[in-house]
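Colleague: I'm new to this one and would like a close look at a single part of it. Could you pick a pair of packed helices and walk me through what surrounds them?

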Number of protein chains: 2
Amino acid sequence: MRRPGRPSGDRRDQRERLLDAALFHYANHGVTAASLRGIAETAGVTPAMVSYYFGGKAALLNAVVEERLLPVVAELRRHLDTLGDDAGALAKGFVSGMHATVERHPWLPSLWVREVLSEDGTLRELLVTHIAEQIPRRLAKSFARAQRHGHLNPELDPRLLMVSLIGLTLFPLAAAPLWHRIFDSEDLDSAALERHTLALLARGLETDHVP
Amino acid sequence: MRRPGRPSGDRRDQRERLLDAALFHYANHGVTAASLRGIAETAGVTPAMVSYYFGGKAALLNAVVEERLLPVVAELRRHLDTLGDDAGALAKGFVSGMHATVERHPWLPSLWVREVLSEDGTLRELLVTHIAEQIPRRLAKSFARAQRHGHLNPELDPRLLMVSLIGLTLFPLAAAPLWHRIFDSEDLDSAALERHTLALLARGLETDHVP
DNA sequence: TGAAATTAATTAAACAGTGATTTAAATCTT
DNA sequence: AAGATTTAAATCACTGTTTAATTAATTTCA
């Protein structure tokens with residue numbers, strides 16, 4: 001085996017590799033099920049490095065949140081700031097923005113959906129604080145304004161609409177790897193999903209069709 | 001502490017209590033994270049009883065599936081058999097049937113959503129086989145038929161519609177316990193959610209509004 | 001009918017495996 | 001020589017499972 005000791009060469013990326021490996025395991029197995037041994041192996045180091053760099057398992061999660069998750073939240077918030085009040089534009093902007101973000105951060109949907117449902121509050125605490133509290137609150141406000149302006153059926157509770165919208169957008173994306181097991185086919189591409197979601201949403205948002 | 005030995009009185013319900021406790025923990029912590037000690041404590045027995053009655057952790061999961069999950073699947077299938085081809089009726093029937101089922105089995109949404117996303121395949125294998133393969137497949141068929149009959153926009157992929165419908169229906173229900181943390185209010189009752197989901201769905205399903 | 005034997009149900013404790021964390025040593029850089 | 005980085009091994013806590021002991025219920029049979 002390799003002997004202990006400081007290796008030669010530049011090793012400043014060990015920390016970054018640990019963060020990436022942790023995020024990978026969080027998204028694939030859930031925060032609770034992710035083991036330091038697995039994370040360390042993915043990063044190519046020993047589990048003791050986690051204590052050395054971060055101080056422990058909980059501190060590693062904190063670091064992932066600070067340095068990997070919060071930038072994505074900021075990215076989403078910047079996108080939402082460009083949306084107007086029109087209901088159709090809101091739906092379209094939200095879905096396409098979500099898709100663009102997921103394109104660059106493929107672990108986002110499964111991480112989000114999994115942790116929102118998890119009983120282990122650590123990561124959800126953050127998600128609720130930074131994502132659910134800021135982004136949906138802002139969107140819900142826009143929806144309420146759209147209702148006042150008559151663009152949106154006033155009977156719909158904007159908060160419920162918000163929760164459903166998140167589920168409608170993220171759940172199919174997160175479940176995508178299972179499609180072939182559910183439907184015996186893998187040819188359900190993300191473009192089709194986006195078209196479909198947009199169509200379903202845009203219709204649901206229009207106010208002049210009361211069933 | 002309590003001494004070992006056969007207790008007095010009728011104890012035929014120990015097994016049932018273990019099944020209920022297991023389902024509770026599966027739904028709340030996930031199948032992998034659920035520990036026998038926790039389950040046994042909830043049931044008011046020692047973990048050794050699990051081995052005694054079922055043979056082990058895996059066998060306990062099997063028993064929960066056989067005696068708690070499959071009856072619910074059968075219940076849902078019976079409900080689906082009463083649905084026709086009309087898109088509006090399908091949406092209404094699916095959602096209201098889902099709500100009625102969830103009313104009696106409150107653990108269903110979080111269990112379903114959590115396990116569909118889980119990397120631990122044991123329970124998902126069953127869910128895909130018995131729920132995802134039978135119910136959505138049947139519904140997707142109905143949707144395709146409705147498309148041929150002109151009741152449903154033929155541009156929408158019925159499989160995608162199916163996945164989104166599950167997300168739209170179950171995700172908000174599963175996220176319900178978090179609402180008050182997201183929106184600072186607990187007054188989002190299940191009736192409002194059903195109204196909202198139905199309205200959004202029924203509009204999305206209508207075929208004459210192409211955006 | 002009633003005592004003895006047997007079977008069923010239950011527990012505490014022991015065991016083996018795995019996880020996170022700490023420690024001490026080893027190696028490299030400055 | 002001093003400080004930083006990394007490892008193997010030790011440690012402690014927890015998990016699923018097994019074991020031996022213990023008590024209640026049931027059966028046997030004189």
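Modeller: Here is a walk through one helix pair, followed by a few spots elsewhere.

A word on the ground rules: this is a predicted model, in which local features need pLDDT of at least 70, side-chain atom pairs count only at pLDDT 80 or more, and totals for chains, interfaces and linings use all residues. Residues are numbered from 1 along each chain as its sequence is written, chains are lettered from A and ligands numbered from 1 in the order in which they are written, and side-chain values use heavy atoms, with hydrogens and water left out.

Two packed helices are described by the angle between their axes and the distance between the axes. Our pair is H5 (residues 87-104) and H9 (residues 158-175), both of chain A; their axes come within 11 Å and cross at roughly 40°. Helices here are DSSP runs of H or I with at least four residues, numbered from the N terminus. The axes are lines fitted to C-alpha atoms over the stretch in contact, with angles running from 0 to 180 degrees between N-to-C directions. That crossing makes H5(A) oblique to H9(A); angles under 35 degrees count as roughly parallel, over 145 as roughly antiparallel, 65 to 115 as roughly perpendicular and the rest as oblique.

Which residues do the meeting? From H5(A) come A:Phe94, A:Val95, A:Met98, A:His99 and A:Val102, and they meet A:Met162, A:Leu165, A:Ile166, A:Thr169, A:Leu170 and A:Leu173 in H9(A). Contact means heavy atoms within 4.5 Å. The residues of this contact divide into 9 nonpolar, 2 polar and no charged. For that count, Ala, Val, Leu, Ile, Met, Phe, Trp, Tyr, Cys and Pro are nonpolar, Asp, Glu, Lys and Arg are charged, and the others, Gly among them, are polar.

H5(A) residues turn up again around A:Glu194, which sits in helix H11 (residues 190-205) of chain A. Leaving aside neighbours within four places in sequence, A:Glu194 is in contact with A:Val95, A:Ser96 and A:His99. A:Glu194 is partly exposed, with a relative accessible area of 21%; buried means under 20%, exposed over 50%, and partly exposed in between, using a 1.4 Å probe and protein chains only.

Elsewhere in chain A, helix H2 (residues 36-43) has A:Gly38, A:Ile39, A:Ala40 and A:Ala43 as its buried residues. Their cover includes helix H1 (14-29) and helix H4 (57-81) of chain A. Just after H2(A), A:Gly44 takes a positive phi of about 80°.

Methods. Helix = DSSP H or I, 4+ residues; strand = E, 2+ residues; numbered from the N terminus.
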